[in-house]
Structure formats: structure tokens, C-alpha cells
Amino acid sequence: MERLQKVIAHAGIASRRKAEELIQDGRVTVNGKVVKELGVKVGSNDKIEVNGVPIEREEPVYFILYKPRGVISSVNDDKGRKVVTDYFSEIPARIYPIGRLDYDTSGIILMTNDGEFANTMMHPKGEVEKVYVAKIKGIPMREKIKLLEKGVMLEDGKTAPAKAKVLSVDKKKGTSIVELKIHEGRNRQVRRMFEAIGTPVLKLKRERYSFLNLNGLTPGDARELTAHEVKLLRTEANKKR
Ligand code: URA
């Protein structure tokens with residue numbers, strides 16, 4: 001038996017808090033009866049409806065995908081381009097990406113059908129560390145790297161403290177490889193941060209997401225996360241709040 005709000009959140013309809021609101025507003029029924037209290041527990045045979053629509057309950061699943069460049073972080077694309085869910089066509093669960101990577105960015109993206117887990121991982125206060133490796137145009141001065149670490153001013157505000165390290169420099173080509181560790185997840189954040197210091201990104205890869213790395217995976221590969229990994233990710237995200 002599980003709490004009603006948790007089951008609704010798992011179905012991907014709403015965050016746990018929003019699910020609580022839906023219940024309190026009388027918009028949820030269990031076996032045809034409106035339930036407004038929050039403590040109610042439901043089993044797998046109970047029929048739950050939200051706004052009159054039955055929720056479909058699936059076993060939660062969790063995957064790591066090595067997203068190749070040239071793939072959209074979405075469940076469909078109106079222009080018919082490849083999307084991350086194309087790599088899971090054999091999985092019956094309705095999974096979706098947790099957050100997004102740009103079309104041109106490769107690397108780790110998590111996929112799930114567990115709305116509550118997705119909300120936890122994307123909560124601004126709980127954002128786990130993500131490590132990006134960027135090939136950039138130019139050779140950044142030390143002060144610029146310091147600036148990345150202290151925070152750069154973007155249109156949507158100053159970035160939180162980060163860690164940056166120049167991994168290599170190609171003087172002939174005038175390019176560098178820089179590792180950037182951030183906790184935030186704003187839209188195109190890494191590209192915008194490098195743009196802000198005058199060294200635009202030429203190529204970008206997310207190499208680590210909390211403790212998860214790409215070891216053993218090649219672009220387009222996915223593997224299911226272990227129950228232990230999922231638990232650790234939840235702990236990491238909740239620790240930050
Ligand atoms: N930052 C970016 O600029 N792009 C991504 O895909 C991820 C983080």
C-alpha cells in the first residue's frame with residue numbers, strides 16, 4: 001500500500017505537493033469516491049481518477065542514457081528529429097528525460113516514468129553536481145576561469161559557485177578543453193557561461209551526473225539504474241535541500 005499522493009506523483013501527473021493540492025481540492029477519487037484526506041493509502045487494485053481521468057500506474061523504471069549529439073531531449077519532435085525516447089522503443093513504460101541536454105550536447109541523461117523522482121532531481125535546491133567537458137574557442141585567461149568559478153552574470157542572474165579546470169590547450173588551433181562542475185540546471189547554462197567569458201563552446205559533453213559516469217557506455221547506449229543507485233541519487237538530491 002502506498003500513499004495516494006505518492007501514487008499520483010509516480011504516475012507523472014504532478015509533483016507530490018501538487019498531488020496533495022489535487023486531493024484537498026476534491027479532484028481525486030478512489031474507487032469512485034472523492035478522497036480529500038492526505039493520509040489515505042491505496043493498493044494496486046484501487047482505481048484512482050484525477051479530474052475524472054483514470055491514472056495509469058506503471059512500475060517505476062530508471063535509466064541512464066548516453067545521449068549522442070543530434071538528438072532531442074524530449075518524447076517527440078514535431079520536425080521528426082531523433083528523440084531520446086527512440087532508444088527505449090522496446091520499453092513499454094512511458095518514460096521521459098529528467099531535464100534536458102541541448103540537441104548538440106552529448107552525455108548523461110536520466111530517463112524515468114517516476115514523476116516524483118524527476119521532480120526531486122530537478123528541484124533547484126537539490127540539484128546534484130554535474131560535470132561537463134567543453135571544447136571552447138580560445139584560450140581562457142586565469143581570471144576568466146576564476147570568474148566562471150565565482151559566478152558570471154547571465155540574463156537570468158548570476159550563476160552559483162562552480163569549479164572549472166583547463167584540461168588542455170591547443171595553441172595552434174586556438175582551442176581549449178575545460179571541465180566545468182555545476183549544480184544548477186538552467187537552460188543552455190554551460191554554453192552561456194563560456195559565452196559570457198568570451199570563449200564560446202564548440203563541443204559539449206556531460207560526463208558525470210552526481211556519482212554516475214559514462215563508463216561502459218557508448219553514444220546511444222542505455223542501462224537500467226540499480227535500486228541502490230536510485231536510492232543514492234535521491235539521498236544526494238535531498239541532502240542539498
Ligand atoms: N548546459 C548547456 O549549455 N547545454 C547543455 O546541454 C547542458 C548544460
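Two strands count as paired if DSSP finds at least two bridges between them. With that in hand, look at strand β2 (residues 28-30) and strand β5 (residues 48-50): three bridges join them, and they run antiparallel. Keep in mind that you're looking at a predicted model. Here's a quick tour, from the domains to the sheets and on to the ligand.

**How the chain is divided**
- The domain assignment splits the chain into domain 1 (2-54), domain 2 (62-125 + 214-239) and domain 3 (130-209).
- Notice that domain 2 is written as two stretches, 62-125 and 214-239.
- Measure from C-alpha centre to C-alpha centre, and domain 2 and domain 3 come out 23 Å apart.
- These two domains also touch: 16 residues of domain 2 are in contact with 11 residues of domain 3.

**The four-stranded sheet**
- β2 and β5 belong to an open sheet of four strands, and its order is β3-β2-β5-β6, with antiparallel pairing.
- The edge spots go to β3 (33-34) and β6 (53-54); each has a single partner strand, so one side of each has no neighbour in the sheet.
- To find a matched pair between β2 and β5, start at Thr29, whose bridge partner in β5 is Glu49.

**A hairpin to trace**
- Strand β13 (residues 163-170) pairs with strand β14 (residues 175-182) in the antiparallel sense, over seven bridges.
- For one of the matched pairs, go to Val169 and hop across to Ser176, its bridge partner in β14.
- Together β13 and β14 make a hairpin with four residues between them.
- In that turn sits Gly174, which has a positive phi of about 70°.

**Around the ligand**
- Which residues surround the ligand? They are Leu101, Asp102, Thr105, Tyr132, Arg188, Gln189, Val190, Arg191 and Leu204.
- Sort that shell by type and you get four nonpolar, two polar and three charged residues.
- Domain 2 (62-125 + 214-239) and domain 3 (130-209) each supply at least three residues of the shell.
- Helix α5 (residues 189-196) gives the largest share of the shell, with three residues.

**Backbone atoms facing the ligand's oxygens**
- A backbone N or O atom of Arg191 lies 2.9 Å from an oxygen atom of the ligand.
- Arg188 has a backbone N or O atom 3.2 Å from a ligand oxygen.
- For Gln189, a polar backbone atom is 3.4 Å from an oxygen atom of the ligand.
- How much of the ligand does the protein bury? Taken alone the ligand exposes 240 Å², and the protein buries 96% of that.

Definitions and conventions:
Residues are numbered from 1 along each chain as its sequence is written. This is a predicted model: local features need pLDDT of at least 70, side-chain atom pairs count only at pLDDT 80 or more; totals for chains, interfaces and linings use all residues. Side-chain values use heavy atoms; hydrogens and water are left out. A residue is near a molecule or strand if one of its heavy atoms lies within 4 Å of it. A polar contact is a pair of N or O atoms within 3.5 Å; within protein, one must be able to donate a hydrogen and the other to accept it, and residues adjacent in sequence count only if both atoms are side-chain atoms. Accessible areas come from the Shrake-Rupley method with a 1.4 Å probe; for residues, only the protein chains shown count as cover. Helices (H or I, at least four residues) and strands (E, at least two) are DSSP runs, numbered from the N terminus. Ala, Val, Leu, Ile, Met, Phe, Trp, Tyr, Cys and Pro count as nonpolar, Asp, Glu, Lys and Arg as charged, and the others, Gly among them, as polar. Domain bounds come from an automatic or database domain assignment. Contact means heavy atoms within 4.5 Å.
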